[in-house]
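This report introduces the structure to a reader who has not met it before. The sequence and model are shown first, and the description follows.

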Amino acid sequence: MIFDKKAETMPRKELEQVQIERLQTTLNRVYRNVAFYKKSFDSHGVNIESIKSREDLPNLPFTTRADLLAAYPYDMFAVPLRDIVRIHSTSGTAGKPLVVGYTKNDLKNWTACTARLLAASGITEHDVVQIAFHYDLFTGGFGFHQGAELIGASVIPASTTLAEKQITIMKDYKTTALLCTPGFALHIAQEMDAMKIHPEQLSLKTGIFGAEPWSNSMRRQIETRLHCTAHDSYGLTEIMGPGVAGECEERAGLHVNEDHFIVEVVDPATGKWVGEDGQGELVFTTITKEGFPLIRYRTGDIASLISEPCSCGRTFTRITRVTGRTDDLIFFDGQKIFPSEIEQILLDVEGTAPHYQIVLSRENGKDIMDVRVEAGESFEIDKLGKLEAMRDTLVERIQQELEISAQVHFVEPRTFERATKDKIRRVIDKRESV
Amino acid sequence: MLTIRNLQSGYHKLRVLKGVSVHVGENEIVTVIGPNGAGKSTLLMTVAGILKPFAGTVTFDNTDLESFSAEKRVEAGCVLVPEGRRVFSTLTVKENLELGAFLRSGKNEKSAIQQDIERMYSLFPVLQKRMKQMAGTLSGGEQQMLAIARALMSRPKLLMMDEPSMGIAPIIVSQIFKTISMLREEGLSVLLVEQNAKKALSIADRGYVLETGQIVVSGSREELLENHDVGRAYLGKDYSTIDE
């Protein structure tokens, strides 16, 4: 079902006018209200009046994750804090997280965007929607929650409680739609086997998964094991949260909510447009956000545009499913972690630059992280006790600062390759590749 | 219906509008609010063909208006009710209305014009009462009604109004706005420029905030009412909290 027919099926020509109007308004506002953008545009010699169409967008400088980190906590906000009614941030990162704020209008638009996505997956007021995303600083839980309520579905804010409990809720409350990370969905499937619950004992019809890239074979696995139709969704906290793009009933790419966001695909190395339907890094510009507008934000996500119109009737352009990252970001158990964050903890505890490797695997549908650290050359066998204490400290610090459970193992000195011309491969992902 | 893209306009060397993009859809009431001197009237006068833009495009019904004279724009259905109720004060109310139809000629038009005058009387009954009176003797509110009725006599598709509430008793303003809403129901599109943001947003579907020649906020009526900048600057909200 198309939730907002007027917007989602708007003729491209009208959409183009709406986009340029909103883009120019946003540029005028960020130039006046956000010091970063005034400085950025001025130092790049960009006059915002020269942005006369979408094609002029590449004349504007990018915004990067580093820019947002430097703005911690509120320097990128375009309105005074009293106009902000909700604050979210990226969760589980050591050091400074990214902080984002929403005005009342932003929340309304966000709600509408997730409602569109849910409706496109077939969710209606008759559905019982179980949301098994974190309900906290992370945008997943609250973002989908609002949209599902707007549609009028019966919403169960299950959050990320234990799989066993999720299954009991699914079975007893007759859940028809499950929303969570694809990894957690597989974990739930695994747990169902253990509990000897057959998917036919559930009422599940639809699954909407996201927050991490997942492959088509993983989709097939989830569909077979949970007996539901699995839809992909795309979003990120910096841009808004869930609801930036989502699959329609055709499941042939994700429609970007283009009346709120302008999407570009650029070559990660040069920053130049990759050409029609070429693959590259997704770059988003928000054109309606009041609290936290972003101009040409580099997401680090790799995908391409599908310029061909979709048979569902929506005129919004589609992106393919995300196939990878431009950086070494790890998607782990619904969290996003950079190896550098682990490295920082190792550095703090060991006191010297660590040689390490992060090995990711999946057991019983659950993500496992094994951090392998070379013991320092100075360590003697008789200091084993000290090594064990250090290992426990590392496990504890990773748990505290990154909010993930990792195993830590010490290995012989000089086990891992040293830096040569090529970048060292710090992460070995043995989970199913995407 | 009306699509304005990257419009730059002003007076001689003074650039007032610095790249404005706005649109009015079929059957829509769109308002442009903003402080004095922001360029609101400049916008309407440029669309009406009274001012020539420095740059940018104005498209009406998919036609570029660039080569259109002010008269031709009226003929195309794009009509301005200027600021300050410019009625012909030495002519009667009825003569003013007839003049509003001066571009309509040809067979059967005479009776059609007569019918339209009757219709104006039903929309604004006070004009019928004053039909033989000199327009200059009408009250401010009545003159504004006459100015609007005169503009409607050309059977516009888009009615542009510049500060219709200025200097008029609030109750009359409400009456006028009610009539405008009614005309929209019948298919008229309206571009309304107002300093009285509260009043304008009471009937508009969407709106833009124009400040120093640039659009700084745009959105639906609800979004503008909810926007704190708009609230503080134009709707008189939050003053008590500021005083504290």
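In what follows, helices and strands are DSSP runs numbered from the N terminus, a strand having at least two residues, and two strands count as paired if DSSP finds at least two bridges between them. The model described here is predicted.

**The hairpin and the sheet of chain B**

With these terms, β9(B) and β10(B) form a hairpin with two residues between them. In the turn, B:T212 has a positive phi of about 40 degrees. The two strands run antiparallel and are joined by six bridges; B:G207 stands opposite B:G219 in β10(B).

The hairpin belongs to an open sheet of six strands in chain B, in the order β6-β7-β8-β3-β9-β10, with mixed pairing. Two of these strands, β6 (78-81) and β10 (214-220) of chain B, stand at the edges; each has a single partner strand, so one side of each is left without a neighbour in the sheet. From one strand to the next, the twist averages 15 degrees.

On its other side, β9(B) pairs with β3(B). The sense of this pairing is parallel, over four bridges, and B:V30 stands opposite B:R206 in β9(B). Five of the six residues of β9(B) are buried, and the strand is thus described as mostly covered. At the β6(B) edge, the partner is strand β7 (residues 158-162) of chain B, and the pair is parallel over four bridges. Here B:V81 stands opposite B:M161 in β7(B).

The pairs described above are set out below.

| Strand pair | Sense | Bridges | Residues standing opposite |
|---|---|---|---|
| β6(B) and β7(B) | parallel | four bridges | B:V81 and B:M161 |
| β3(B) and β9(B) | parallel | four bridges | B:V30 and B:R206 |
| β9(B) and β10(B) | antiparallel | six bridges | B:G207 and B:G219 |

Helix α1 (residues 40-47) of chain B packs on this sheet. The helix touches β3 (29-33), β6, β7, β8 (189-194) and β9 (206-211) of chain B, and its direction makes about 145 degrees with that of β7(B).

**The nonpolar cores**

The largest nonpolar core has 91 residues, of which A:V129, A:I131, A:A148, A:L178, A:L179 and A:A185 touch the most other members. Helix α5(A) gives the most to this core, with eight residues. Leaving aside neighbours within four places in sequence, A:L178 is in contact with A:Q130, A:A132, A:M170, A:A185, A:L204, A:G207 and A:C228. Another core, of 70 residues, lies apart from it and includes B:I29, B:I33, B:V47 and B:V87.

**The domains of chain A**

The domain assignment of chain A gives domain 1 (5-327) and domain 2 (335-429). Their C-alpha centres lie 32 Å apart. The contact between them takes eleven residues from domain 1 of chain A and 14 residues from domain 2 of chain A. On the domain 1 side, the residues comprise three nonpolar, eight polar and no charged residues.

**The contact between the chains**

How many residues of chain A are in contact with chain B? There are 15, and they meet 17 residues of chain B. On the chain A side, α2 (12-33) and α5 (104-120) each supply at least two residues, and α2(A) gives the most, with eight residues. By class, this side of chain A divides into two nonpolar, five polar and eight charged residues.

Technical notes:
Residues numbered from 1 in each chain as written. Chains lettered and ligands numbered in written order. Predicted model: local features only at pLDDT ≥ 70, side-chain atom pairs only at ≥ 80, totals over all residues. Axes fitted to C-alpha atoms, helices over the stretch in contact; angles between N-to-C directions. Contact = placed C-beta atoms within 7 Å. Nonpolar A, V, L, I, M, F, W, Y, C, P; charged D, E, K, R; others polar. Core = buried A, V, L, I, M, F, W, Y, C linked by C-beta atoms within 7 Å. Buried ≥ 20, exposed ≤ 12 C-beta atoms within 10 Å, placed from the backbone. Domains from an automatic or database assignment.
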